[in-house]
Amino acid sequence: MTENPFLDDLRGMCRAALGSSWTDKPAASMDALKQILWLPKEFLTLYETIGSEPVLLFQNDKGGFFPAEKVHMDPKKGRFGPFFIYYQTGYRDCWGKFSYAADHFPENNGIFVWRSSIKGWEQMYAYESVHTLCDVLLSHAGEQLATQMPNCAWVKVPLGRGEDPDLFLTAAQRLDMTPSKSISYRHYGYAYDVERGLLLQYNDDLQKRCMVYSIKSSSLEEIGEKYPIIWQKRDGEKILDPKTFLQDPPPVSFGEKLEMLSAILLGKRSMSLPAEAVEKAEKRLGVVFPEALREFYLRFGKGGKLFSESLHFIYTPDKLESNGDRLILADENQYVWRWCLNTATGEIDLDLGNGQWRKWELNLEDTVIWLLASQATEFLSHGGRTMTNLDDESRELFAHYFYFLSEKVIANPKRGLVGIQDEDGFYIMARSAATLEKLETDSGIAVGEF
């Protein structure tokens, strides 16, 4: 052991995931990094330890740390900068690139995330003052290492239902694993056992808090003799029960998709609007609504709390406004931008304010579906960000348990679930925590709680 807890944790996690004989794999050259005088020592330690470890470096669409020779600076933008860009998630993961900025709020750790071209670099809520730089870097390393381990299972370690940070330490102790000593925020953390080839990913926000990864299946089997385990992957193969899959054919028409969302969001309640009310709005505005917009309002046109007291503000037909040849359909929750229907082209445009416009990537039908799913993140009582994303690799898994209503929205009416991909991540919502726990048990799809 050294006098550097971060280095000990990094080595311990690598040896647990890649084999006890693993040794440091420093970057070929550290000269460029050492010239950045304001770079925290943790970055130098990181690259001196794993700087040439292939499984931890960014390759194509798999995510990882940028090689030392490819790390780069982004010029100063606004109040913060310059940004040292060091890590990128998977190609289709919307969290994108991570960076460190020497100029940042004193109470924050300097970690910024590139969200989108609208917002640029932002200090994200998940990486503010409660997390140290060590927390974030070890989290990145842990996520990459876990993908290399062929076995994983939820382990039902008895911990109670509280939110005591020491629950992480309790879990590590009961599983006889070494907790990461450099982690300060213990609601989320890693523990490891080099000899048994085990890596614990602990998360207080999940229904089942302890996911254990292993090199050998026998190591997890030994844990299973003491605590109940639910296999998620064994010898590289996912463990799924086909009896838990969807059995009915998927919805095809736009109306069927709206009906499915209505059943999940509203149950037996109705927000339908008479055709006369829709026609009255058309006459007032001097336009004829596209069929998709008309169908949307006929089913949801009364709006209620679903439109006005959830995430965004969606306009009901009587409140619709026009901006030239554009109808203002909805306002973003902080009124940073608006979704507008261009009546001349039928496309959706984003009004960014101050005369700035941007094309929205979805057509009208998919925009309506996406907005309804967005409302679910506050309209439904339980759920949150998942530990995966709606990308090419995960689509097959999600297709077992959800209907794809669009490229970015999924739903399961029997389970009462709605999922949505946005620029911050992928979210799944439900009316009850038990529903999410059942999904987690059946599929291994881990869902946090807001």
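Two strands are taken to pair if DSSP finds at least two bridges between them. On this criterion, the predicted model contains an open sheet of 7 strands, arranged in the order S8-S9-S10-S11-S7-S12-S13 with antiparallel pairing. Strand S8 (178-179) and strand S13 (237-238) form the edges, each being paired on one side only. At the S13 edge, strand S12 (residues 229-234) and S13 are joined in the antiparallel sense over 2 bridges. Arginine 234 has glutamate 237 in S13 as its bridge partner. Helix H4 (residues 133-146) lies across four strands of the model, namely strand S9 (188-193), strand S10 (198-203), strand S11 (210-214) and S12. The helix runs at about 55° to S9.

In soluble globular proteins, nonpolar side chains tend to be buried together. In the present model, the largest nonpolar core comprises 54 residues, and those with the most contacts inside it are Phe289, Leu293, Phe296, Leu329, Trp339 and Leu372. Helix H11 (residues 364-379) supplies the largest share of this core, with 9 residues. A second, separate core consists of 51 residues, among them Ala16, Tyr47, Ala146 and Trp154. The surroundings of phenylalanine 296 were examined further, with residues up to four places away in sequence not counted. Under that condition, phenylalanine 296 touches Phe254, Leu258, Gly301, Phe307, Ile314, Val368 and Leu372.

With a disulfide defined as a pair of cysteine sulfur atoms within 2.5 Å, the count for the model comes to 0. Cysteine 210 is accordingly in no disulfide, and the nearest cysteine sulfur, that of cysteine 152, is 13 Å away. Because buried status requires a relative accessible area under 20%, cysteine 210 counts as buried at 1% relative accessibility. Cysteine 340, at 0% relative accessibility, likewise counts as buried.

Burial was also found for a polar residue outside the helices and strands. Threonine 386 is located in the loop between strand S20 (382-385) and helix H12 (392-401). The relative accessibility of threonine 386 is 3%, and this residue therefore counts as buried. When residues up to four places away in sequence are not counted, threonine 386 touches Phe426, Tyr427, Ile428, Ala446 and Val447.

Notes: Residues are numbered from 1 along each chain as its sequence is written. This is a predicted model: local features need pLDDT of at least 70, side-chain atom pairs count only at pLDDT 80 or more; totals for chains, interfaces and linings use all residues. Side-chain values use heavy atoms; hydrogens and water are left out. A nonpolar core is a set of buried Ala, Val, Leu, Ile, Met, Phe, Trp, Tyr and Cys residues joined through side-chain atoms within 4.5 Å. Buried means under 20% relative accessible area, exposed over 50%, partly exposed in between (1.4 Å probe, protein chains only). Contact means heavy atoms within 4.5 Å. Axes are lines fitted to C-alpha atoms, for helices over the stretch in contact, and angles run from 0 to 180 degrees between N-to-C directions.
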